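Dear colleague,

Please find below the structure that I am handing over to you, together with its sequence. My notes on what was found follow directly after it.

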Amino acid sequence: MSGKVFLVGAGPGDPRLLTVGAMNCLREADVVVYDHLADESILAHVPPAAERIYVGKQSCKHTMRQEDINVLLADKAQEGKTVVRLKGGDPFVFGRGGEEALVLLDRGIPFEVLPGVTSAISVPAYAGIPVTHRGVAVSFAVITGHEDPTKSESHIRWKHLATGVDTLIFLMGVANLPVITKNLIDNGRPADTPAAIIRWGTRADQETYVTTVGEAAAMVARDGVRPPAIFIVGDVVKLREQLRWFDRADIRPLHGKRILVTRARAQASALTEKLTALGASCIETPVIRIIPPADNYAALDHAIGELHSYHWVIFTSVNGVEHFFARLAHAEKDTRALGYAKIAAIGPATAEALRAHGIHADLVPKEFRAEAVVDALKDILPPRARILLARAQEARDVLPESLRAHGAAVDVVAAYETVPELDGGAELAARLTNGEIDFVTFTSSSTVKNLVQQLGNITPLQQVKIACIGPVTADTARNFALEPDIVAETYTIDGLVNAIKEYVQ
């Protein structure tokens with residue numbers, strides 16, 4: 001039985017511009033055939049079991065011929081699979097999606113087209129250049145900039161185009177800029193017409209060069225501007241000075257900063273989203289994987305059965321909360337099982353996770369670490385207090401030992417275990433060594449230990465700025481001879497983001 005092909009536009013680069021329809025298609029895909037301009041982070045929506053096939057095309061370098069891509073899509077669909085053809089921008093705007101659709105039609109394979117946000121309008125918008133503007137431009141045209149200059153005759157009607165349209169947007173035109181600008185000038189477009197070249201549009205590393213039609217080709221050669229980039233011509237370019245927003249330091253203070261996010265695989269996105277919103281380009285490298293504890297929850301399950309006997313239950317992390325309540329549900333119990341026990345949480349994020357389960361913590365210390373919990377509890381514990389501490393299997397012993405020193409009986413149970421993610425160390429070390437990363441974030445002691453283990457040594461980390469979520473994590477970095485440049489005063493994701501922002505500013 002034949003499957004189905006979805007021709008999907010991935011947008012120009014910023015993952016926020018991926019449509020809801022495209023996201024849903026990726027989540028249901030058996031096969032994803034993707035190209036060079038599709039942002040890699042978008043592939044996070046693809047199921048782990050799905051087949052991923054890269055067929056990217058760059059100037060003068062094609063991984064697979066278009067004819068072969070057409071056949072590949074059809075063949076995979078005829079295996080009964082759901083195939084997503086993921087293209088940068090829009091499939092039908094110089095994306096050759098029409099050619100792919102015709103082959104599918106010829107072979108009787110059903111298909112759908114999910115348009116994407118085209119770079120023709122989105123990239124100028126991110127540079128603060130509207131393609132139309134009242135009183136300035138009432139028309140625009142989108143033109144390929146990739147015509148073969150050796151052809152005997154151009155398919156572009158330069159005589160009509162040069163002066164017949166207010167705003168001209170050439171896609172993939174950097175390599176042919178001398179030809180493009182010469183044809184515009186020869187056909188009546190003034191050489192002093194404002195123009196702009198926008199490279200890696202909508203991405204955190206977007207670069208915008210403002211020039212004129214007459215000077216553009218020389219500027220590209222002088223400054224070494226390389227694809228992918230668009231070339232926009234028209235008086236609307238003058239509006240950039242007023243309307244630029246994406247690369248303004250007062251709006252997006254981390255624009256252009258490249259930040260390595262080290263965190264558990266399932267939790268990296270929250271930090272990445274906050275940093276990206278401030279303009280950073282984030283590279284996620286999960287160094288921790290959360291798994292069930294070694295005893296497969298035996299101690300935690302036993303403690304849940306004895307909840308009525310505890311005076312206090314202490315949670316030290318969001319992971320601890322989530323695993324505790326998952327096992328509570330597994331035991332067919334709910335929050336009533338906590339009885340009269342009071343609840344302590346280390347940090348507002350942990351307290352917020354508890355609130356999601358209907359629990360308001362009785363105690364959230366001002367400092368978000370174990371020592372602060374002891375200081376807050378020592379004077380209010382009842383005689384012979386019984387305390388349940390549900391936490392990571394490998395956590396520090398400061399908290400339980402200190403509480404026992406004040407007369408409490410403390411049951412420490414493992415709610416989860418963190419293990420290192422070791423794949424990709426060599427590639428990451430090369431990127432650090434080559435200066436491709438400006439900051440590295442550490443959100444726990446285990447992220448420090450595991451990243452050093454993943455890299456094999458600390459040498460690659462000695463060339464970047466190090467940002468730690470709090471003093472305990474910072475001390476762990478120092479134990480590896482890594483002196484942090486940034487230590488958040490508020491030991492949360494938001495606190496870490498604010499500390500990085502203040503450091504940059």
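**Helix packing**

The axes of helix H15, covering residues 425-433, and helix H16, covering residues 445-455, come within 8 Å and cross at roughly 95°. H15 is therefore roughly perpendicular to H16. On the H15 side, the contact is made by Gly425, Leu428, Ala429 and Leu432, and H16 contributes Leu451, Gln454 and Leu455. Sorted by class, this contact of H15 with H16 has 5 nonpolar and 2 polar residues, and no charged ones. Please note that the model is a predicted one.

A second pair of helices may also be of interest to you. Helix H6 (residues 177-186) and helix H7 (residues 216-223) have axes that come within 8 Å and cross at roughly 165°. An angle over 145° counts as roughly antiparallel, so H6 is roughly antiparallel to H7. The crossing of these two helices, H6 and H7, is left-handed. Leu177, Pro178 and Thr181 are the residues of H6 that meet H7, where their partners are Ala216, Ala217 and Val220. In this contact of H6 with H7 there are 5 nonpolar residues, 1 polar residue and no charged residues.

**Backbone features in two loops**

Most residues other than glycine have a negative phi, and most peptide bonds are trans. Two places in the model depart from these patterns, as set out here.

- Met172 is a residue other than glycine with a positive phi, near 60°. Met172 is placed in the loop between strand S9 (167-171) and H6.
- The peptide bond from Pro227 to Pro228 is cis, and its omega is near 0°. Pro228 is found in the loop that runs between H7 and strand S12 (229-233).

The two loops thus adjoin the helix pair described above: one lies between S9 and H6, and the other between H7 and S12.

**The second largest pocket**

Which residues lie nearest the centre of the second largest pocket? They are Thr316, Ser317, Thr443, Ser444 and Ser445, out of a lining of 49 residues. Ser445 also falls within the range given for H16, residues 445-455. About 1400 Å³ of space lies in this pocket. By class, its lining has 22 nonpolar, 18 polar and 9 charged residues.

With kind regards

Methods:
Residues numbered from 1 in each chain as written. Predicted model: local features only at pLDDT ≥ 70, side-chain atom pairs only at ≥ 80, totals over all residues. Heavy atoms only, no water. 1 Å grid on protein atoms, 1.4 Å probe; cavity = no way out; pocket = protein on both sides within 12 Å on 5 of 7 lines; lining within 4 Å. Points joined across faces, edges and corners; volume = space filled by probe spheres on them. Nonpolar A, V, L, I, M, F, W, Y, C, P; charged D, E, K, R; others polar. Axes fitted to C-alpha atoms, helices over the stretch in contact; angles between N-to-C directions. Helix = DSSP H or I, 4+ residues; strand = E, 2+ residues; numbered from the N terminus. Parallel < 35°, antiparallel > 145°, perpendicular 65-115°, else oblique. Left-handed = near helix turned anticlockwise from the far one by under 90°. Contact = heavy atoms within 4.5 Å.
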